[in-house]
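Thanks for coming. I have one structure to go through today, so let me put it on the screen.

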Amino acid sequence: MPGTVTTRAFRWTRRLGLAGGIGFALALAGCAAQTPFLLTGGLDYDKALLTGERLFGEPVPAHEPEGDIAEPSQEMLDYIARVVPQRAGASRRFNVLFDQLHRDGLFDAVYSADQTLTAAQTFESRGGNCLSYTNMFVALARAAGLDARYQVVETPPSWDADAGFLIRYTHINVILKNVRLDHQPGYDVIVDFNVVHPDPDYPRRVVSDDYAESLFYANKSVSALRDNRVREGFAYLRRAIETAPNNVDLWINLGAFYATQGDYESAVDAYEVALQIEPRNKSVLSGLARSYYNMGDTEMAAVYERKVRYYRERNPWYHYALAQSAYEDADYEASLNHIDQAIDLRRRVARFHFLRGLVQNQLGDSAAARVSLEKAERFGLDRAVKLEMLRTLAGVDAT
């Protein structure tokens with residue numbers, strides 16, 4: 001079982017998971033159909049959809065590449081040569097590197113959610129967002145001879161309104177293969193640059209450097225669009241898609257981009273490409289419903305709305321989110337109803353039972369609450385998740 005290091009507060013933990021949040025997917029609308037062509041990855045779509053000709057009247061070149069996001073600078077290589085004993089085993093090299101970065105204040109620098117930087121830029125500026133720090137650590141770890149890879153954690157969607165956009169946050173961290181955390185058992189270590197705590201059973205997957213680079217440009221795109229730099233935002237998004245064409249979130253972003261510009265037919269086309277990658281993606285189906293509604297095609301909008309409802313009602317995390325929201329509003333009966341539905345769909349998720357215990361306690365059923373909390377413990381709820389949930393739901397200080 002991997003050990004985990006979470007930075008951004010830089011606590012050592014012993015659980016599988018934790019996650020760094022990177023905002024990169026806008027949520028809005030999209031669709032249509034023109035003459036298709038084939039891109040690497042086997043996706044069919046109209047070339048003008050990605051060149052921007054439909055909206056801008058001329059091709060908009062992809063933003064220039066900004067170099068390898070995980071390439072170490074000479075200063076970083078010199079740092080590794082100075083602080084990491086190269087003849088030591090992998091676990092020793094990792095522990096020395098992590099401790100030295102902590103002592104040198106590289107984990108205490110300025111955190112800026114909107115600042116997406118390469119590894120070298122992050123090391124030099126001592127600032128950036130989660131992806132920036134992830135890039136930096138991947139570069140340093142590889143320079144130290146460690147097998148460091150990007151990993152995406154598939155957490156339930158959470159949405160944040162910002163400057164007229166809905167921003168979806170995903171999570172990326174670093175997994176180091178064949179490394180022991182301190183003297184703990186296990187052969188993989190996860191290093192994370194956020195204090196969000198996904199459950200250990202959230203799906204996770206190692207992704208390529210190209211995939212991580214696509215998130216880098218997608219972040220840049222979102223930042224530009226927030227500032228109403230529309231053409232630049234599109235250029236960054238085009239670069240992201242050309243870097244990793246099978247990343248469904250990028251096509252969702254493209255659909256959202258066209259929708260925000262009022263070009264709903266192009267938005268629909270972008271979402272249709274996303275459906276080629278993930279036919280049941282709820283964000284895509286929702287975007288299609290919204291786009292068709294804005295086009296005045298209520299019949300097609302209703303088709304996709306029904307699909308969204310069908311998949312949403314069968315998603316335990318959807319009911320969990322509703323239960324959380326109702327709890328925060330002190331509507332404990334509604335919260336209990338939603339968390340029961342979540343548990344019916346997926347019985348062995350520790351935080352479901354923990355929330356159920358909190359709700360039952362609020363309703364005055366202490367015996368039932370005790371049973372739920374015991375189940376939460378049995379299914380693997382640890383202290384970090386408890387504190388996170390209590391802080392979120394009840395304002396408890398989790399420091």
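One definition before the residues: buried means under 20% relative accessible area, exposed means over 50%, and partly exposed is what falls in between. Keep in mind as well that this is a predicted model.

I will start with the charged pairs. How many salt bridges does the count come to? It comes to twelve, and I will take three of them.

The pair to look at now is D209 and R142. Their closest N and O atoms are 2.8 Å apart, in a salt bridge. This pair links distant parts of the chain: D209 belongs to helix α7 and R142 to helix α6, residues 130-143, with the two positions 67 residues apart in numbering. Are these two side chains buried, partly exposed or exposed? R142 has a relative accessibility of 32%, so it counts as partly exposed. D209, at 30%, is partly exposed too.

Next, E66 and K220. They also form a salt bridge, and here the closest N and O atoms are 3.7 Å apart. Again the pair links distant parts of the chain, 154 residues apart: E66 sits in the loop between α2 (53-56) and α3 (74-83), while K220 sits in helix α7, residues 209-226. On accessibility the two partners fall into separate classes. K220 is at 19%, and because the limit for buried is under 20%, K220 counts as buried. E66 has a relative accessible area of 26%, so E66 is partly exposed.

The third pair is D46 with R54. Their side chains meet in a salt bridge at 3.0 Å, N to O. D46 is buried, with a relative accessible area of 15%, whereas R54 is partly exposed at 24%. This pair does not stand alone: salt bridges that share partners join D46, R54 and D269 into one network.

Now a polar residue, N129. Where does N129 lie? It is in the loop between β7 (127-128) and α6. N129 has a relative accessible area of 3%, so it is buried. What does its side chain contact? The side chain of N129 makes a polar contact with the side chain of T116, at 2.9 Å.

The last part concerns helix α15, residues 350-362. A350 lies in this helix, and with a relative accessible area of 8% A350 is buried. Which residues does A350 touch, leaving aside neighbours within four places in sequence? They are A376, F379, G380 and L381. R378 is 28 residues from A350 along the chain, and the C-alpha atoms of A350 and R378 are separated by 7.7 Å.

Helix α15 also packs against helix α13, residues 316-328. The axes of the two helices are 11 Å apart, and the angle is about 30°. Angles under 35 degrees count as roughly parallel, and α13 and α15 are therefore roughly parallel to each other. As for handedness, α13 passes α15 in a left-handed crossing.

Which residues meet where these helices pack? From α13 the list is P316, W317, Y320, A323, Q324 and Y327. From α15 it is R351, F352, L355, L358, V359 and Q362.

That is what I had to show. I can put any of these pairs back on the screen.

Note on methods: Residues are numbered from 1 along each chain as its sequence is written. This is a predicted model: local features need pLDDT of at least 70, side-chain atom pairs count only at pLDDT 80 or more; totals for chains, interfaces and linings use all residues. Side-chain values use heavy atoms; hydrogens and water are left out. A salt bridge is a side-chain nitrogen of Lys or Arg within 4 Å of a carboxyl oxygen of Asp or Glu. Buried means under 20% relative accessible area, exposed over 50%, partly exposed in between (1.4 Å probe, protein chains only). Helices (H or I, at least four residues) and strands (E, at least two) are DSSP runs, numbered from the N terminus. Contact means heavy atoms within 4.5 Å. A polar contact is a pair of N or O atoms within 3.5 Å; within protein, one must be able to donate a hydrogen and the other to accept it, and residues adjacent in sequence count only if both atoms are side-chain atoms. Axes are lines fitted to C-alpha atoms, for helices over the stretch in contact, and angles run from 0 to 180 degrees between N-to-C directions. Angles under 35 degrees count as roughly parallel, over 145 as roughly antiparallel, 65 to 115 as roughly perpendicular and the rest as oblique. A crossing is left-handed if the near helix is turned anticlockwise from the far one by less than a right angle, and right-handed if clockwise.
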